[in-house]
Amino acid sequence: MISKTLWGHVGDSEVYTITVTVGEYKVSVMTRGATLLYFGTDSYNAVLAHKTLEEYVNGKGHPGEVVGPYANRVSNASFTLDGVKYNLDKNDNGVNTLHSGSANYGDKIWSILALGEDSITLGIKREEEGGWPGEKECEITYHLSSDGILTLYYKSLSSKKCPVCLTNHAYFVVDDRDCRHDLLEVPAFSYVDVDPLLIPKENNPVAVENTPFDFTHPTLIGARRDGKYDNTWVLDEGAVIHLEGNKAEIWCKTTEPGIQIYTGEHLSDDFRPFQGVALETGRFPNTPNRPDFPGVYTDKNTVYESVTSYRLKIKEA
């Protein structure tokens with residue numbers, strides 16, 4: 001079952017919410033930012049969500065947004081590609097670029113391309129902006145199955161060669177206390193070590209063994225580092241990330257080589273710090289400036305595609 005509702009306006013643009021229900025599970029998405037508003041059952045939403053459209057427009061933290069054209073950070077707000085230097089927005093500590101700056105798809109109005117009984121496909125076209133080369137086209141399909149699996153299919157291309165990294169910035173809530181009580185398992189044997197501005201250091205990746213970044217076995221997030229994480233783990237093909245609290249469990253899989261896990265230390269507005277965990281699948285931070293990292297580029301002849309899935313299980317009261 002699918003429904004579409006006008007939620008409000010951003011400027012002159014209409015913003016719709018679209019809800020798909022399959023069996024006991026449902027997903028809601030809005031056209032501003034292709035934002036995930038709801039993933040759960042009638043009794044439990046496993047993602048953080050604002051109550052009003054205005055809170056999304058004026059708030060921080062990117063909850064549920066599709067972030068692009070390049071998610072994560074770029075050092076010194078610039079990169080050089082084929083001999084050309086591109087200068088980006090300095091929207092992170094006045095030095096670096098975070099989540100594409102003013103070009104972020106999460107701030108834009110998307111078009112509805114297709115609606116099915118179990119899927120929602122949204123698309124966006126953008127002129128060259130924020131310093132990123134090329135006009136952009138991007139699509140995302142949210143597909144929900146009756147066994148609680150939400151699969152995100154991303155596609156993107158650019159009129160000029162451009163680095164690409166798309167992710168969803170939903171904060172998953174599996175515990176009614178905070179995420180420091182969550183058990184996290186990440187079957188990754190290395191992670192990306194970063195400086196105080198969260199830019200990767202020179203020698204990377206590094207082994208998780210004997211560090212607070214070893215989650216190869218289920219471990220309480222709050223057991224180390226006071227639960228403060230905003231880091232990328234290096235994933236092997238087929239790796240499954242597991243997050244478990246007293247209310248629900250999430251299993252995450254992706255075709256991407258990394259996952260940035262942010263435990264929400266700086267959540268604000270109507271959210272509490274550590275209220276949810278962002279599982280941001282994608283490339284490593286600062287990949288456009290790191291030829292040693294697994295980068296990917298799109299142009300008018302090269303379509304970028306990736307797939308990430310989240311399987312949800314609600315625990316009985």
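**View 1. Nine strands form an open sheet in this predicted model.** Welcome to the first close-up: reading across the sheet, the strands come in the order β11-β12-β13-β14-β28-β24-β23-β18-β21, and their pairing is antiparallel. At the edges you will find β11, covering 111–115, and β21, covering 219–220, each of which pairs on one side only.

**View 2. Strands β12 and β13 pair within the nine-strand sheet.** Here we look at β12, residues 119–126, beside β13, residues 136–144. Eight bridges link the two strands, which pair in the antiparallel sense. To find your place, look for R126, whose bridge partner in β13 is K136. Both R126 and K136 will turn up again in View 4, where they help to line a cavity.

**View 3. The largest cavity holds about 60 Å³ of space.** Two cavities of 30 Å³ or more are counted in the model. The largest has 13 lining residues, and the closest to its centre are N72, Q260, E280, T281 and R283. Two elements, β25 and β26, each give two or more residues to this lining. Sorted by class, the lining is made up of three nonpolar, eight polar and two charged residues.

**View 4. The second largest cavity has about 40 Å³ of space.** Around this cavity you can pick out P69, A103 and Y105, along with the run R126, E127, E128 and E129, and then W132, G134 and K136. By class, five of these lining residues are charged, four are nonpolar and one is polar. R126 and K136 are the bridge partners from View 2.

**View 5. H266 sits in a loop between two strands.** The loop runs between β25, residues 258–262, and β26, residues 277–282. H266 counts as exposed because its relative accessible area is 58%, and the cut-off for exposed is over 50%. For a sense of distance, compare H266 with E127, a lining residue of the second largest cavity: the C-alpha atoms of H266 and E127 are 32 Å apart in space, and the two residues are 139 apart in sequence.

**View 6. Five strands make up another open sheet.** The order in this sheet is β1-β2-β3-β4-β5, with antiparallel pairing. β1 (2–10) and β5 (44–45) stand at the edges, and each has a single partner strand, so one side of each is left without a neighbour in the sheet. Zooming in on β5, you will see two bridges joining it to β4, residues 35–41. One position to look for is G40, whose bridge partner in β5 is N45.

Definitions and conventions: Residues numbered from 1 in each chain as written. Predicted model: local features only at pLDDT ≥ 70, side-chain atom pairs only at ≥ 80, totals over all residues. Heavy atoms only, no water. Pairing = 2+ DSSP bridges. Helix = DSSP H or I, 4+ residues; strand = E, 2+ residues; numbered from the N terminus. Buried < 20%, exposed > 50% of the residue type's maximum accessible area, 1.4 Å probe, protein only. 1 Å grid on protein atoms, 1.4 Å probe; cavity = no way out; pocket = protein on both sides within 12 Å on 5 of 7 lines; lining within 4 Å. Points joined across faces, edges and corners; volume = space filled by probe spheres on them. Nonpolar A, V, L, I, M, F, W, Y, C, P; charged D, E, K, R; others polar.
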